[in-house]
Structure formats: structure tokens, C-alpha cells
Protein chains: 4
Amino acid sequence: MTTGGRFSYAGEWAVTATGTEDGLVTDEIRKNFASDNVSPACPAVMDAMMRANAGNVGSYGDDALSRSLNARFGEVFETEVAVFPVVTGTAANSLALSSLVAPYGAVLCDQSAHINNDEGGAPEFFMHGAKLVTLPSADGRMEAEALRTGLRVNAEGGILKPPIHALSLTQATEWGTVYAPKDLAALCEIAHEHDVPVHLDGSRLSNAIAHLGCTPAEATWKAGVDVLSFGGTKCGAMAAEAVVFFVNDRTRPVLKDFERRIKRSGHLWSKARFLSAQLLALLEDDLWLKNSAHANAMAQRIVEGLRRHAGAQLPFETQGNEVFVILPDRLVEELEAAGFGFYRWPTPEGVSGTLIRLVPSFHTRIEDVDALLAEIAA
Amino acid sequence: MTTGGRFSYAGEWAVTATGTEDGLVTDEIRKNFASDNVSPACPAVMDAMMRANAGNVGSYGDDALSRSLNARFGEVFETEVAVFPVVTGTAANSLALSSLVAPYGAVLCDQSAHINNDEGGAPEFFMHGAKLVTLPSADGRMEAEALRTGLRVNAEGGILKPPIHALSLTQATEWGTVYAPKDLAALCEIAHEHDVPVHLDGSRLSNAIAHLGCTPAEATWKAGVDVLSFGGTKCGAMAAEAVVFFVNDRTRPVLKDFERRIKRSGHLWSKARFLSAQLLALLEDDLWLKNSAHANAMAQRIVEGLRRHAGAQLPFETQGNEVFVILPDRLVEELEAAGFGFYRWPTPEGVSGTLIRLVPSFHTRIEDVDALLAEIAA
Amino acid sequence: MTTGGRFSYAGEWAVTATGTEDGLVTDEIRKNFASDNVSPACPAVMDAMMRANAGNVGSYGDDALSRSLNARFGEVFETEVAVFPVVTGTAANSLALSSLVAPYGAVLCDQSAHINNDEGGAPEFFMHGAKLVTLPSADGRMEAEALRTGLRVNAEGGILKPPIHALSLTQATEWGTVYAPKDLAALCEIAHEHDVPVHLDGSRLSNAIAHLGCTPAEATWKAGVDVLSFGGTKCGAMAAEAVVFFVNDRTRPVLKDFERRIKRSGHLWSKARFLSAQLLALLEDDLWLKNSAHANAMAQRIVEGLRRHAGAQLPFETQGNEVFVILPDRLVEELEAAGFGFYRWPTPEGVSGTLIRLVPSFHTRIEDVDALLAEIAA
Amino acid sequence: MTTGGRFSYAGEWAVTATGTEDGLVTDEIRKNFASDNVSPACPAVMDAMMRANAGNVGSYGDDALSRSLNARFGEVFETEVAVFPVVTGTAANSLALSSLVAPYGAVLCDQSAHINNDEGGAPEFFMHGAKLVTLPSADGRMEAEALRTGLRVNAEGGILKPPIHALSLTQATEWGTVYAPKDLAALCEIAHEHDVPVHLDGSRLSNAIAHLGCTPAEATWKAGVDVLSFGGTKCGAMAAEAVVFFVNDRTRPVLKDFERRIKRSGHLWSKARFLSAQLLALLEDDLWLKNSAHANAMAQRIVEGLRRHAGAQLPFETQGNEVFVILPDRLVEELEAAGFGFYRWPTPEGVSGTLIRLVPSFHTRIEDVDALLAEIAA
């Protein structure tokens, strides 16, 4: 499997499928573990959109659903928030950072960060060329000592180095690990000591909260997070994320004009009710957390199965819904031949085998996991 | 009515309504003529999204619906096209222009153009600061002589002026007028003589085609258009537009990397099937054109009613679905008091009265128009 | 004469001269009136650079000359200032504006402004795509009513229009006229009422001051100017301008990081002493003002000569050192044939003849002007 | 010593010196080894500027000196070139890269590269947010295998990673080492196989050529370099660098508009003759190479002295004019106390002592080096 390419116009009209499922009819066994975004939307989300599809309402967010977002998220996060819905995680991350970072500034992040590796340069676009400065880590979780060093080296560079204007952390991390709230709090404290606000890429925040068993507040602003990219698409929305500012002295100055940044990047929906409806549906009865708890459980089932396989090495602890595993090259090829979908990852040097990633979602069933494990065991 | 503001965080959670309809229940009489985007989505569009919501499929456009877009649009436009779905017209316009215009270049457009007046600076953002150079016109339709002058003055400026890299026209125009295909062709020919490609902002292209009674091909590439912002939202989609490149020597060089620009601006949907499904539903049985023909008819009904009113002045010929009318100040206030929704426009100097805009949509019914006219007559 | 083109690589090594003087030897009669920047540097400026060329000193401004700039300019302008030397007026204007205007914001300026017409899109580059919104005027001097209207229309646009973050005025204007301090003050007051700071493009500020006979303070901050592009090159420097912030509540927040913007645009000289030395030499004994008074006098001499010529029309009052005159087409061609250098300007519609610009400098002598006038009279 | 800070306005007019020499009078012993840019300009360069200061000439490069640049550099480099003078190395690097790299693209460079660490984010600004992707190396010289891996990993990322549009190498490197022409050629060949053009940051190219004893052609385009940042300031200019395109199929498309990028960034001098005069003076009689040979010899003298000191560790081979040495902390402090100027560098972990950098220039004399060595020996 390669990423994208469909829209990379190749000179012909018909593009052949790449071997992944293409089930606009429900598949018997769901073999696509490439990402949680290969799944459809959750029925409750679609229902909410259908209900929203009635009558004329004000556009650009001047509708009852959109007007209720601040209050509803405020209840869930137990504090005053300013919520701005957008359609992709890339937009949420990039917009959030652009409001904190001057074009001549920089963001500190882990070297594994999605903003650094997987967003096609979007953060740099939205921040008008501000720089991402990366720090190494063992498993995607930044360490306090690395953060201190990064801040110090940058400061010593004087005018030759763009000043650090934001710290961006990821929860759950890109390697499927989860920060303990106290570790998150330690990082935020260091950042705040340097007058640096903290952004959290919460594309899979729901998986982290489901793993930790804490409240959304404990996982975010109580640990020191200033602005959150709230992920909805991976846990069941059709396409809905949100930039959630926790209202404090660090965020208040940027709230007033934030909508302008959304408009200017083409992300302000005229029929905004349909974006808001999705987010509200996810919050209803903790649907976002329940969906993620299920995805996490499916990931654990995969891990348990892999542990029984002598040839499998698990380089990281699976705490959310992403499983990274090194399998013998031949087994990987056999899984692909059997129609299972997943991404190959760059395998660390000196390691024999191939590193792959398996990502179940709310839509993955026990029988789907067991079919995968049976293929691996065979 | 003011534009936006909902998401301009104002320090409190609850924002009170601004007097417009807020009908998540169907309203008896639909009084909101502020824009065609206050309407809901067309039932056929919602149905198509529901049908798409089944099974796992490849993400980022690697699904059967998305893969069919080039062929389907190719049938409708009777030529080879490369289609890139995005979620707003602002994104479509800005992305299309950014692929044609170097950051040190410029775009020629009419002074009334949406890209110049109503997109919060989005084109300049996506084009990295390239300049919009505007030309005056009487009714939103650029004239050949003005275009020639604009190109000449720019060229004479040498390195002091950013070179013109694209011509952007709007069909139907911002004043509700429609270019005849031969006039469009004359402009495109001048542009091409100067090696300048032509972009068409087709946010309301369907209204123009419905008015002209021509084919989509005649309204676009046969007149010389190189790239089209295809409008879907205003004629019935939930949120779906498309950048449609007519494949020729001017557009071919930019197709390969266009998807990268989409990704980099956060506009690449992971669950892209839901965007593609909307567009395909609009093309089915000419739904986009039928919806627009209805909206145009409702606009004509408004115009006819206004003509019977002594105090109404119609500064432009209504050819699409936008009606501009100057009414006595007091009448405008009364309409607002009666709950009708519309925008006030800057009234030309020396004119007595207030210029307002009325925009019916596919969702507007005869009884809605008649209620408006009755209020005006009263 | 066309502008630039030399560095537009044309495929060959040797580029032939375009007919202008090329006097690396002193010419008998100086016929080039194209701009004040065709002149060499003033001897006093070159001497100061030679004196600065001794010993090792700290780089990037950490030298005695650079360290003295704030104090020296503070004396001249009779207030606290922060001075940042740069090498071109385009850089000074663009950097100054970029510190005041967010990328999603806008600048109000006169339609004739150099930043809008003659800087190749530099302001938009430095401001990351922020927009220049232009206002019409009769002679390059913005009128208070136009400014009020511009601010109001922009505000009414809500999120659809980039908010005005700066007003940029030009003194002397691009048409060679000069604002009276009270008129400048009226404009600044309106801007400040809207929380909009004021930038002054002072590329020819010295000509304006020489015309007005006021103090530098009266011409700038006492009228309400917040930040000044101080022009040095046109009044005698080799290549030296400065961004001069008048320290107040509107400018103080941007001072701290301004040097970062200079560095990031490649405008921070390592051997900064040579830039500072030029500026200090201009301020010594009012050299900048004396040079400009001479240039103004030469311009008046041209005007007086032209007034005696029946075929000459002077569309604007010449108050600085720029003379705009409409001459019969044939006379213009004859002047060119006789080796005189000047630019043709776009001639207003309906006017017979050709609009040209004549710009004497500190280096222009009475005999040079008289030779020009004699040619015109002949 | 810290970098910059002078122009970081600190609220007062008088800034106290930081302990470095400030010799606008010639110092007895030149103790400032902080950088080659603390030196003045070479007398021959100043003389050339004085000679250029006569008569009116065309501006923006339309003068005899500027018109001769292509031919003169063509002789020196023995091939067809297009030369664009600018005032800083940061501008040269950033402009050169911006002409090769789309805003959505990326540059591969060594992790030690000046463009990545020391230019305040300028490359990202000029490239509109394009990304610098860094590769590790032992001593600043990129290795072929690292380059191949970098290109492969990027390509596998598909649309999630900005495509590599340029390779940027540095000669001499930031660690004072010098690529052998055959090693440079191997890297260029790999890049060209991937259709990636090669930029060379030649801020100290003259030091590299002086070390290698090869021709300028062998050090650049014969090894595969496509565009060069030619360094003039460090080897004797007041402030003059140049972007030198070697005209070939990879560079030809970008030549036409390159001057526009210069104008748009405020780097086009109106009195361009003074920039061109400096560059021509450096090329006269190989002055640039002679000056650098002297600086290299002074660096070798320092190295020889340090080798006799038991406490000194030299982590890299000194091949140009930069000496990196780890000295006991106390000795470093004593050198500072004695008035010697140099930068402290981040010392590698686990190493005892302090890493410093010493950079002699054309202006450094044997007695200056010996005074430094005597202090160290004492």
C-alpha cells in the first residue's frame, strides 16, 4: 500500500484499485487495518446530520447547533472553552499553531510528530514558514530533559534561531503510546516557565482517555494544555475535528481573530450546521470515548495474538489503538497477498523483518481481528 | 444582518440569535433570502452520503466513488478533465489560482470578484502573497478593452509590477449577471494571446448554464476556460465543490502536484468518499442544473414583483438567482422587522434608498417569494 | 526607457546599453533625470564609509557606529526612537508594515502608493499575503473622508474582509505633492481612533521637510506617525534607509522582535558599520536636508522653465523634487533622441500628449537643468 | 559573546559594549576571532567603490559594471553563468533555493547546514514554508548513503511528505571541513538521478578552493553544482555576495524571473553599481582566493599551536579557516577575560571542556595568532 496517489492525476480516467477493500457494500470480513480512517462514519453521526438537514438557518456558524458548541464542550471539559470546528486534523493542528506562532518563530515537537512527518508541510504553510524544531524520544513521548535542552539551545542561538513560540505534543502519540497526565503536566510546566503555550494534537485523544480512564479535563487543561486539536473523524465522525481553546491568559489574545484564520484558509463552512452536528453527536453519551474504548480493545486483542507468535516483535507498548509489530518479511507479504490492508513503516536499521502498523477502529469486530490473527498463525 | 461573528469568540458561551430563521424544524414560510447557502442540502445528496456510509474503503480518495469522478465529470463536460473535490468555494478558487500563479505573480480579476472582496484574503494566502489586480466594470462583466489595458499597463511596469499569471472570471458574476459564451470566449482569447491561463469562479455556474441554456462544455472550456471552480454547495450539496482542470497544455504541468496543495492546506479528506458522493449526486439526472433553474425562476418571480413596485430600482439585470434592488430605507427596515433575511450592500453614492441582495435557492418555494412580495407591496 | 531588465537573464553575456548615460567618468552635462537614484553617493557618505573601514568590530550591529544610531536619530527627531538600518526603501517599507499587520490583515493606502505599484509585490511577501486596500485621491494625498469610508466599508465586511491593521501614507507623495502637517495629523487621528497605527513611507521625506521648512519631529511623530521608512539613498547615501519606530504604546510591542524580521529576510548586514556610517553622515550638519533642498530647487527651476512652454501641462503642483509634465508626443521623442533620460508614465485617458517624470537630485546642477530646458525650448 | 542583540531594542538609547574590540581605530593586536565578518573590507574593494562613485548611471543594474558581471564570472568559472548580486549570504542562499523549490516542496541538507541553523528561518520565509529535511553526518560532509536513504524515505511518504526539490550542500562546511571534488560529484550525481538540482552554499567557497588548489570550475559546476551562493563578504567585500547560476537545463527555466524574486524581497539595489564593483574587485587578480589562502594559513597556524597544547582537542580536521577546539573550561574563561573574541559552541555530551570556534580572516596577522597562542600556552 502506498499513501494517496489517487488524486495525483496520472493521465487517464480510470484508476485501478490498489488491492484494498472497497466495500460500499458491507464486507464479510473487514480486512483493512490501514488506518482508523478507512472506516465509515458512526450511524449516530449520520443520523445527527440528517436531523440537521431541515429548514433555512444562518450560515457560517450562525445556527443553533453551532452556537451550542462552546457550552457543550465546556460541559464535557468542565471549563470555559472556545470551539472552532474544522474538517481535518491537519487543518486543526495547523490553524491552532498558526494562532500561537509568529511567522519568524518556531514550534518544538517530537521527531515522530504527525505535524512534522505526515501533513505535507501544512503547519509550515499555515504558519507562513515558521519552523518545526524536533526533539528525539524513545517511543514518541517527549522527555522533560530533552525539552529543557531544546529550549536552552534555541535561546542560545539568539537572532540566528527562530524563537520557540509553542510546544506541540501528541496524545496518544504516533507510536501508540500514551502520556500519563503527570508526565504531560511536567512538560507543560517547563513550557509555561518559558512563556511557551502548549498545543496538544488530539487526533486520537479519545483513545488516550479511554486508556487512562481519566476525565477529558484531566487529560488536557488540568495538565496544562492550552489548545487542543480535538479528533472526531478517527473515532466515528464523517469528517469533523475541532480546535478547542481552553480560555486562559495565554489563549485569550488569539480567540478574537481565530475565525479569520479559518475563513482565510477556506475552512469556514457556509452550511456549518453539518460540521457541528457531527461533533455534538460524538459527545452525546460519551460516544467518542466508547468508540475508542472498543478500538483500543481490538488493538489489545491483536497484541495478545501477536505475543503468541514467536516471529513477532512489538517495539512499543500498545496503549491506544495503534499496533506496531515487526514480522518476518515473508509473513508480511503473505498478509498482503491475503488481502489484509496495513502500512509498512520504515524498519529500524539492524532489525530483521518488516515493521508494519495495524489500526483497528470502532468499526472493527472481534471476528475481523481473529481472521487477521488466524492468517498470521497459519 | 452582519456576516459571521458566531465563531468570533466573544467571551461567553451562549450567543443569542441574530433574528434570522433558525429552523431545524421546517419553517412555515421560509423568510431567509440572505444567501443560497442558508438552505439545507438536497435530499438526493443526503441519500447518496448515506449509501456511501458502508464498509471500509481506502482513504484520501482511494475509493470507488472518488476514482469515478474524472470519468463522470468528463462525461458531463464532454472532455478530459482532472477533478479535485474540496469543501468550500474559497478553497476551490484559492487552490486553483495557487497552481497557476507564482508567489511573485498576479491575477487579473474584476473589481467585484468574490476572490477580491469576500474571501478574507484566502487567495493571497494560498498564492503566498501574489497580488490581485482589479479592473473596473459596469455590472461585474469584464470588458475586453479593460482587459487589454490591464495587461498592457502591467507589462510596462517591468520588474516593479508582479507579472499577470492568471485571469480569473466569475460566472454568474457577483452582480447576478451572466457572460454570453462569445463574450467569455473573447476574454479568454486575449488572455491566451498573452500566455495567461483562465480560471472561472463557478460558484454559481449552474445558475449561469440554466440561464443560458447551453451545455456545460459551451459554458467553460469551449469558450477557453482552463480551470473551473465547480460550485456544488449553493445548488444543493451539503458542502462540496471541485476544482476541475480541463486537460490541455496550459493545465497539464500543474496536475501532478495539485493533490499536494490540497493536502498542505488541510483540505484532503481522509474519508473522501463522502465528498465525492455529494458531487456525483448533483450530476445525476442534471440535478445541479434543475435545482438552479428553480432558483433562477424564483429570482425572476421576485424581479417581476419588484417591477410592480414604484419605489424599487433594479440596478442590474437579474440573470441568475441573485436579485439586487434599491428600496426605500424605511421599507428595508420594515422587511427586517418582519423577519425577512437578506444582506444590505454598500449603496452607491448619490442614490437614495438602500441596496439589498435577495437570493432564492432550490429550497425556496413560490409561497415564500409571494410572502416576501406581499410584505413589500403592503 | 524601461525599468530593470538588466538582471532578467536574456541568454547572452553582453547586454547593450539602453541609451542612458553610463558615466563612470563624470559626464559634461548630466542628462539623466530618470530618478534621483541614478546619481552617485554623496562624497561625505563615501568618506564616512572609508573611515569606518578600520579594525575588527562586532558584527550584526555590535559596533560603535550602529550602537549610536538610536541616540543620534533621537536627537534629530527629538524623541525616543528605535532605528533599524536596511539597504532599500522596499525593505524598509515591507519590514515596517510586516511588524504591524497580521498575515490575515490589511493595509490602507493611496492608490498611487509605491508599496502598491512599484515594489514587485514586496509588501505582500513580507506580510505573508496581507492585502493592500487602496483609496482614490486627486494628487496622491489621501483625504480624510476617503479614509473614513475605507475604514467603514472594511469593518462592515466582517470576516469576509481582512481587517485594517495599518495606514500607510507617503511623504512626499508619488505625485510630488506634500502633505501639510495638519492634514497628515488629521489622517493619523482618524486611524488612531480606529486603533490603526500609521506608517509613513519617507523615501523622500527629506524633500518634504525641505519644502515645508518644519522640523523632522513636526513632519512625523508630532503629526501622529508611528513608524517611518527613513529614506537615505535618494538624498545622497550609497544604499541606506532605516526603519524608525517612534517609541509609543502602538510600536513598543513590536520592537523586541523586529531584528528577527530583518535577519529572516536576509537584510541584517554582518558588517553593519558600513550601513550605519552612511546614515550618520547624512544626519551630520543636516546633509540630508541640504541635499534635498538643492534637488527641490532644481525641480522648481524645471517647473519654471516648463511654465514658459506653451505645450507643457503640469497636472500636479511640484512640491518636492519630482516634476510630472505632459508634453507633446513629438517633443518627448526628441528629448529621448537627444539623450535625456526620464520615464514615461501612463497618460490619463482623454489627454493629448505624453506624461513624463523628471527627477533632479543633489547631484543635478543648474547647467544640467538649463540644458534640458534649452532642448525643450528649441 | 552572544549573537546579535544590538538591534533588539532594549528600551534605552545607549547600549554598552559587550567586551569585543571596537576598533574604528586600528588595534595593536587584533583579538577578535569571532568570525571572518568582524573584519573590515579589503582596501581594493573600497577603492573600487570609490571609483564607481562618479556620474549618473542607470539604476537597478543598468550600469556598465553590473552589465559586465556575467562575462567576468563566466571567465573565472569557465562557463556560461547568470550572476545576481545580493548583499548577504542569507539572501543569496534563500533566493537561490526559492527559485528551485515549490512552496509545497522540500530541501535536503546536512544537519549542520547554515540554512538550517543560523539564518533565523530565512530559507523557509523565501520558500514560503517549504521544508528543510536534514541528514546526519560526522563532520558536516554529507555521505552518499545518507543522501540515498533520505531521498528514498521521502519518496515513500507519498503525499504526506513534501517532495525533495533541491539538495543544498555547503563548501567549506560549517565544521571547517572541505569536500573533495569527487565526493561532491558523487552527491550531485545521486541528486541529478532523482531530478533534484544542487545548490552550493559557498559562503566560504574561496577557502575551500584555496585548500583544494583546484579551479573554481572544478569546485562547482564540473562536480555537478547547478547554482552557487558565491561568498564575497567573508573574503574581503564590504557586503557583497552573488547567486551564480550555471546555465543548464535545470537552471534555465528559473533565470527569467529570478530578478523579480530579488526585487520582491527588497534586495534589488537602485545604485547597483556599488554591489557589482565589490564583486569585480574580488575577482581581480584572484584577490578572493589570495585573501582566503591567507586566512587558511592563519587557521593552520592556530591548529599547529593548539596541537602543542595537552588540554586541547580538535574534533574536526581544519581545512578552511574555521578552527573548532575543545579547551578546558577555565582556559576558555581566561581567554575571554584577556579580551579575545570567539563563540562558544554547544559542547557534545560526555565531553569535558568547552567547544569554541576561532575564525581568522584576510585581516588576521601572524602576530595576532601568536598573541592568541601565547595566551593559551600561558
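**Exercise 1. Cysteines**

Task: In this predicted model, determine how many disulfides there are over all chains, and examine A:Cys109 and B:Cys42.

Solution:
- Step 1. Start with A:Cys109 and find the closest cysteine sulfur. That sulfur belongs to A:Cys188 and lies 15 Å from the sulfur of A:Cys109.
- Step 2. Compare with the cut-off. A disulfide requires two cysteine sulfur atoms within 2.5 Å, so the 15 Å between A:Cys109 and A:Cys188 is too far for a bond.
- Step 3. Check the surroundings of the residue. A:Cys109 has a relative accessibility of 0% and therefore counts as buried.
- Step 4. Repeat for B:Cys42. The closest cysteine sulfur is in B:Cys235, at 8.7 Å, which is again too far for a bond. B:Cys42 is also buried, with 6% relative accessible area.
- Step 5. Give the total. The count over all chains is 0 disulfides.

**Exercise 2. Relation of chain C to chain A**

Task: Find what turn and what shift along the axis lay chain C on chain A, and name the residue of chain C that comes closest to the rotation axis.

Solution:
- Step 1. Superpose the copies. A turn of 180° with a shift of 0.0 Å along the axis lays chain C on chain A, and the RMSD is 0.0 Å.
- Step 2. Interpret the operation. The two copies are thus related as by a two-fold rotation axis.
- Step 3. Look at the surface used. The contact residues of chain C recur in chain A at 100%, and the same surface serves both copies.
- Step 4. Locate the axis in the chain. C:His128 is the residue of chain C that comes closest to the axis, with its C-alpha at 3.2 Å.

**Exercise 3. The interface of chain C and chain A**

Task: Describe the interface of chain C and chain A by its contacts, its buried area and its polar contacts.

Solution:
- Step 1. Count the contacts. On the side of chain C 18 residues are in contact, and they meet 18 residues of chain A.
- Step 2. Take the area. About 1,700 Å² is buried between the two chains, and carbon and sulfur atoms give 64% of this.
- Step 3. Find the main contributors in chain C. C:Tyr104, C:Ile159 and C:Arg260 lose the most area to chain A, together 42% of what that side buries.
- Step 4. Classify the pairs. There are 0 salt bridges between chain C and chain A, whereas 10 residue pairs are in polar contact across the interface, both residues at pLDDT 80 or more.
- Step 5. Sort the residues. The side of chain C that touches chain A holds 8 nonpolar, 3 polar and 7 charged residues.

**Exercise 4. Salt bridges**

Task: Give the number of salt bridges in the whole structure, then examine the pair A:Arg252 and A:Asp249 and the pair B:Asp257 and B:Lys256.

Solution:
- Step 1. State the total. Over all chains, 72 salt bridges are found.
- Step 2. Take the pair in chain A. The closest N and O atoms of A:Arg252 and A:Asp249 are 2.8 Å apart, and the cut-off is 4 Å.
- Step 3. Assign exposure. A:Arg252, at 43% relative accessibility, is partly exposed, whereas A:Asp249, at 65%, is exposed.
- Step 4. Take the pair in chain B. The side chains of B:Asp257 and B:Lys256 form a salt bridge at 3.6 Å, N to O. B:Asp257 is buried at 14% relative accessibility, and B:Lys256 is exposed at 59%.
- Step 5. Add an example from chain C. C:Glu334 and C:Arg330 form a salt bridge through their side chains, at 3.4 Å from N to O.

Conventions:
Residues numbered from 1 in each chain as written. Chains lettered and ligands numbered in written order. Predicted model: local features only at pLDDT ≥ 70, side-chain atom pairs only at ≥ 80, totals over all residues. Heavy atoms only, no water. Least-squares fit on C-alpha atoms with pLDDT ≥ 70 in both. Contact = heavy atoms within 4.5 Å. Buried < 20%, exposed > 50% of the residue type's maximum accessible area, 1.4 Å probe, protein only. Buried area = accessible area lost by both parts, 1.4 Å probe. Polar contact = N/O pair within 3.5 Å; in protein donor to acceptor, adjacent residues only side chain to side chain. Nonpolar A, V, L, I, M, F, W, Y, C, P; charged D, E, K, R; others polar.
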